[in-house]
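Trainee: Hi! Could you walk me through a protein structure today?
Mentor: Happy to, let's bring it up.

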Amino acid sequence: MKKFLTRIVTVVVVFMLLVGAVYFIYPLVKQKEPEYFNIVDIESPVKETPKDTRPYEEILAELEEKLKNATHVIELPQDIVVDVFIFMGQSNMSGNGGNPEEAPEVTEGAGYEFRVISDPTKLYSIVEPFGFYENKPLGISDGTAKRGSLVSAFVNKYYEHTNVPVVAVSCSQGATNTAYWTNPGAMGDAVNRLTSTVDWLNQNGYEVRHKYMVWLQGESDAIFGFSQAMYATNMDIIVNSMIAYGVEKCFMIRIGRSRSNPVFCDEIQKVQTEICKNDPRFMMASTMLGGFDVSYMIDEWHYDQRALNMVGEDAAKNISYYVNTGREPSMYDYKYDNEYVPIVLTTQALPAESTEEKEQEVKTEEAENEGEE
């Protein structure tokens, strides 16, 4: 009996020692994520942003005056390296709930707008509402719905982390489901906006390093009751069409909620999550819209400028991590309160400059080996 008790005590002591070792050692050996992937504290509740109830003509005149006064032609030196981003989706990408007065001013040198539709002859400084004049009949046309977008915040943060300026292209229209984006008029316009931008840059002495699309869309699919399979099929068509003309990756900003129903968009959010986790053509850029309550919304569907600024920065941080390292980042999932971990982590191609550095390392190593021989 005494031996039996001794064995039990020994087993318990060993078990406790093992648990203690794991508890103290694991935090030391666990790979630490970059600091900027820490959770952003979304303050709530906050004062709601009231919807602008002024006469439509007054709002329109104010927006046009702001654009006219703030926009100027950009003349850049030859051979500058840029990354092209085409911002696609529906009204939250357009910034229907935004406010240009609350959007950040774009850092000098951080990014520019190429206006494919209204003036495809020069680069413009980015001012909100971004893409206001980029409407094409029988193509992508948002009328005068744009108010202030996430683009300015995105460009500032992306430049901060990559030191490469963005050439931004507007390509969004409110109240559009994925079926709309697969039609020849919309898809043809999107492809033309991308290729025309790249062609103009190449013809005018700029070096295009990367070509990407940022996608924020899905609320209309939820409204129309599209199934997950239908959404995935339509996204496959959309992204393949853009990839065929040079897009390297689709960065998806996952949609949020409706004001009256926090779970209204759940099915679309689920399929967006699965697509990004499993398909190397896609990458989750931000889950942050899932963390905002109704105080960040101006109406049933649209987020205010505070939310758009935060989402723009969050997406840019995650995207720049991928661009700089060739690896998709893990990130906090604001909707499900857990860690979003992509399944496809290491199959992505490294950016061009990283590949060149790797090739140089190999050549140096070969030269050293020959010298030793």
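Mentor: Here we go through the chain as a whole, then some strands, a surface patch and a few salt bridges.

Trainee: Before we start, what kind of model is this?
Mentor: This is a predicted model, so please keep that in mind as we talk.

Trainee: Okay! How many helices and strands does the chain have?
Mentor: The chain's secondary structure comes to 11 helices and 10 strands.

Trainee: And what share of the residues count as buried?
Mentor: Of the chain's 373 residues, 50% count as buried. As for the outside, the chain exposes about 18200 Å², and carbon and sulfur atoms supply 55% of that area.

Trainee: What about contacts along the chain?
Mentor: Take the contacts between residues at least 6 apart in sequence: 80% of them join residues at least 24 apart.

Trainee: Let's zoom in. How many residues of strand E5 are buried?
Mentor: Strand E5 covers residues 166-172, and seven of its seven residues are buried.

Trainee: Which residues sit on each side of E5?
Mentor: One side has Val-166, Ala-168, Ser-170 and Ser-172, while the other has Val-167, Val-169 and Cys-171. Both faces are covered. There is a general pattern behind this: side chains in a regular strand alternate between the two faces of the sheet.

Trainee: Which strands pair with E5?
Mentor: Strand E2, residues 81-89, pairs with E5 in the parallel sense over seven bridges. Strand E3, residues 111-114, also runs parallel to E5, and three bridges join them.

Trainee: Which residues stand opposite each other there?
Mentor: For the E2 pairing, Ile-86 stands opposite Val-169 in E5. For E3, Tyr-112 has Val-167 in E5 as its bridge partner.

Trainee: Cool. New strand: is E8 enclosed or open?
Mentor: Five of the five residues of E8 are buried, so the strand is largely enclosed by the rest of the structure. Strand E7, residues 249-253, runs parallel to E8, and four bridges join the two. In that pairing, Met-252 stands opposite Met-284 in E8.

Trainee: I clicked on Ser-286. Where is it?
Mentor: Ser-286 is in strand E8, which spans residues 282-286.

Trainee: Why does Ser-286 count as buried?
Mentor: Because its relative accessibility is 0%, and buried means under 20%.

Trainee: What does Ser-286 touch?
Mentor: Leaving out residues up to four places away in sequence, Ser-286 touches Met-252, Ile-253, Arg-254, Val-311, Asp-314, Ala-315, Asn-318 and Met-331. With Asp-314 there is also a side-chain polar contact of 2.7 Å.

Trainee: Let's go to the surface. Which residues form a nonpolar patch there?
Mentor: Ile-223, Phe-224 and Phe-264 do, with about 300 Å² of accessible area together.

Trainee: Where's Phe-224, and is it buried or exposed?
Mentor: Phe-224 is in the loop between helix H7 (219-223) and helix H8 (228-243). Phe-224 counts as exposed because its relative accessibility is 56%.

Trainee: Now charges. How many salt bridges does the structure hold?
Mentor: The structure holds 13 salt bridges. In general, side chains of opposite charge can pair when their charged atoms come close.

Trainee: Show me one inside a helix?
Mentor: Try Arg-193 and Asp-189, whose side chains meet in a salt bridge at 3.0 Å, N to O. Both residues lie in helix H6 (residues 184-203), four residues apart, which is about one turn of the helix.

Trainee: Are those two buried or exposed?
Mentor: Arg-193 is buried, with a relative accessible area of 0%. Asp-189 is buried too, with a value of 2%.

Trainee: Which residue does Lys-122 form a salt bridge with?
Mentor: With Asp-119, and their closest N and O atoms are 2.9 Å apart. Lys-122 counts as partly exposed at 23% relative accessibility, whereas Asp-119 counts as buried at 14%.

Trainee: Last one: what does Asp-236 pair with?
Mentor: Asp-236 forms a salt bridge with Arg-281, with the closest N and O atoms 2.8 Å apart. This pair links distant parts of the chain: Asp-236 is in helix H8, and Arg-281 is in the loop between helix H9 (266-278) and E8, 45 residues apart. Salt bridges with shared partners also join Asp-236, Asp-279 and Arg-281 into one network.

Trainee: Thanks, that was fun!

Terms used:
Residues numbered from 1 in each chain as written. Predicted model: local features only at pLDDT ≥ 70, side-chain atom pairs only at ≥ 80, totals over all residues. Heavy atoms only, no water. Buried < 20%, exposed > 50% of the residue type's maximum accessible area, 1.4 Å probe, protein only. Polar contact = N/O pair within 3.5 Å; in protein donor to acceptor, adjacent residues only side chain to side chain. Contact = heavy atoms within 4.5 Å. Patch = residues over 30% accessible without salt bridge, like charges linked within 9 Å, V, L, I, M, F, W, Y side chains within 5 Å. Areas by Shrake-Rupley, 256 points an atom, 1.4 Å probe, with all protein chains shown as cover. Salt bridge = Lys/Arg side-chain N within 4 Å of Asp/Glu carboxyl O. Pairing = 2+ DSSP bridges.
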